[in-house]
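The exercises below ask you to read a protein model step by step, with the structure open beside the text. Try each task on your own before you turn to its solution.

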Amino acid sequence: MIPFIDLKAQQERIRADIDDRLTKVLDHGAYIMGPEVKELEAELASWAGTKHAISCASGTDALILALLGKKCRPGQGVIVPSFTFAASPESLAVLGAIPVFCDVDPHSFNLDARCLAAALDSATAQQIDVVGVMAVGLFGQPSDMTAISAFAKRHDLWVIDDAAQSFGASWDGRPVGQLADVTCTSFFPAKPLGCYGDGGALFTDDDEVAEIAVSCRVHGMGKTKYHNDRIGMTARLDTMQAAVLLSKLSIFKDELAHRQRVADSYEAHLGAHVATPRLCDGATSSWAQYTVKLPQHVNRDAMQEAMQKAGVPTMVYYPIPMHKQAPYLRYPVANKALPITDALCDVVLALPMHPYLSEEQIAHISEVFLHALQEQTA
Ligand SMILES: *Cc1c(COP(=O)(O)O)cnc(C)c1O
């Protein structure tokens, strides 16, 4: 069985370094906000080229801290894609803000800037004050931040980039982290840059956002932990996880190059036979996922089953769009329907993707995929 994501191969490569770093943490004993956390934040800020990089407990917490930083209030609307992981709209809903669901581009899978006006109109028609846009770099490719930023500027909206999957990518030569007012990422183990538990970070050049996020990360602390300036949460990154991330960050650039190699190789094997992922001009991807679109008539369940039997796992990200999930049914939907989102949910299929796939494995996965596809279309 080929693993969908191979964390073992990665660990073998850096195990000695991780052991060293974890031993140091056990020796100094500063499990909360230890020196590794500060060191990691400095390295992350330098990677993204932002003034601030603030670590936290998860990608979802990063989104919530970013929204608190932007002073997003209950009842305010934020435009967000429906074709995403639950955490994007959930971060809004838990704060009492209103996700305004918008359609995506069928090729990039990301927020379609041409649909933003319809989302704004649909929300405004319901007397919702829209204050921001939450873009999502799905599967590793950043959204069209040029068009989204231009729209946001015209309508006086802020932009948060949910880069849980796209950290490490770039748009027009600028790294993810610099493409929005605030950028959030996740260090969940399966993400391109993952730790061995939960973790996340937010990136910004905005001093006020940074100050609020740092404060809210520890119960709204002020001068000290026992001066509480605002209502916050417990959202720190563990020192242990920071130590793991320092090790993983040291090979991240090389891993990103290998992810691109894997994507290129898949393209060479599959590009002529199925709708393979497309990068926009000027975009690079961190290839969190390699998602193809099956022909409409293909039975995806049968395809997955056949591939599984042949030792190749596949995943469906995402089978149900957020605007059709029970807790989100009451939120506004641009133009009352998201046809591209609905269509994508029915045809997407993600193949194994990680930096340690060999050319032989990619050839084998491709062969199994094409065989299953042939059987389904016969
Ligand atoms: C994983 C993910 C998140 C949430 O990250 P957690 O660390 O699991 O909280 C948010 N948005 C997207 C698009 C994700 O893929």
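**Exercise 1.** Which helices and strands are included in what covers the buried residues of α7?

*Solution.* Keep in mind from the start that this is a predicted model. Begin by finding the residues that need cover: in helix α7, which spans residues 207-217, the buried ones are Val209, Ala210, Ile212, Ala213, Ser215, Cys216 and Arg217. Next, look at what surrounds these residues, and you will find that their cover includes the helices α2 and α3 together with the strands β1, β8 and β9. Finally, inspect the two ends of the helix. At the start of α7, a side-chain oxygen of Asp206 comes to within 2.9 Å of the backbone nitrogen of Glu208, while just after the helix His219 adopts a positive phi of about 55°.

**Exercise 2.** Decide whether strand β9 is largely enclosed or open to the outside, and find the strands that pair with it.

*Solution.* First count the buried residues: 5 of the 5 residues of β9 (residues 200-204) are buried, so the strand is largely enclosed by the rest of the structure. Then separate its two faces, with Gly200, Leu202 and Thr204 on one side and Ala201 and Phe203 on the other, and note that both faces are covered. Now turn to the pairing. Strand β1 (residues 52-56) runs antiparallel to β9 and is joined to it over 5 bridges, and within this pair Ala53 stands opposite Phe203. Strand β8 (residues 182-186) is likewise paired with β9 in the antiparallel sense over 5 bridges, and here Val182 has Thr204 as its bridge partner.

**Exercise 3.** Work out how many residues of helix α3 are buried, and describe what is found at its two ends.

*Solution.* Of the 11 residues of α3 (residues 59-69), 9 are buried, so the helix is largely enclosed by the rest of the structure. The buried residues, listed by name, are Gly59, Asp61, Ala62, Leu63, Ile64, Leu65, Ala66, Leu67 and Gly69. At the N-terminal end, Ser58 acts as a cap, with a side-chain oxygen 3.3 Å from the backbone nitrogen of Thr60. After the helix comes Lys71, whose phi is positive and near 55°.

**Exercise 4.** Is Thr239 buried or exposed, and which residues does it touch?

*Solution.* Locate Thr239 in helix α8, which covers residues 239-249. Its relative accessible area is 0%, and because buried means under 20%, Thr239 counts as buried. Leaving aside residues up to four places away in sequence, Thr239 touches Val25, His28, Ala30, Tyr31, Ile32, Met33, Gly34, Glu36 and Val37. Among these contacts, look closely at Tyr31, whose backbone oxygen is reached by the side chain of Thr239 at 2.7 Å. Two of the residues touched, Tyr31 and Ile32, also join Leu26 in making a nonpolar surface patch of about 310 Å². Ile32 itself lies in the loop between α1 (7-28) and α2 (35-48), and with a relative accessible area of 47% it is partly exposed.

**Exercise 5.** Give the order of the strands in the open sheet that contains β6, and explain why two of them have a side without a neighbour.

*Solution.* The sheet is built from 3 strands in the order β7-β6-β10, with antiparallel pairing. The strands β7 (174-175) and β10 (283-284) stand at the edges and have a single partner strand each, so one side of each is left without a neighbour in the sheet. To check one of the pairings, take β6 (residues 170-171), which meets β7 over 2 bridges, and note that Trp171 stands opposite Arg174.

**Exercise 6.** Compare Asp156 and Trp287: which is buried and which is exposed?

*Solution.* Start with the backbone, where Asp156 has a positive phi of about 60° although it is not a glycine, and Trp287, also a residue other than glycine, has a positive phi near 45°. Asp156 lies in the loop between α6 (145-154) and β5 (158-162), and at 71% relative accessibility it counts as exposed. Trp287 is placed in the loop between β10 and β11 (290-293), but at 5% relative accessibility it counts as buried.

Conventions
Residues numbered from 1 in each chain as written. Predicted model: local features only at pLDDT ≥ 70, side-chain atom pairs only at ≥ 80, totals over all residues. Heavy atoms only, no water. Helix = DSSP H or I, 4+ residues; strand = E, 2+ residues; numbered from the N terminus. Buried < 20%, exposed > 50% of the residue type's maximum accessible area, 1.4 Å probe, protein only. Polar contact = N/O pair within 3.5 Å; in protein donor to acceptor, adjacent residues only side chain to side chain. Contact = heavy atoms within 4.5 Å. Patch = residues over 30% accessible without salt bridge, like charges linked within 9 Å, V, L, I, M, F, W, Y side chains within 5 Å. Areas by Shrake-Rupley, 256 points an atom, 1.4 Å probe, with all protein chains shown as cover. Salt bridge = Lys/Arg side-chain N within 4 Å of Asp/Glu carboxyl O. Pairing = 2+ DSSP bridges.
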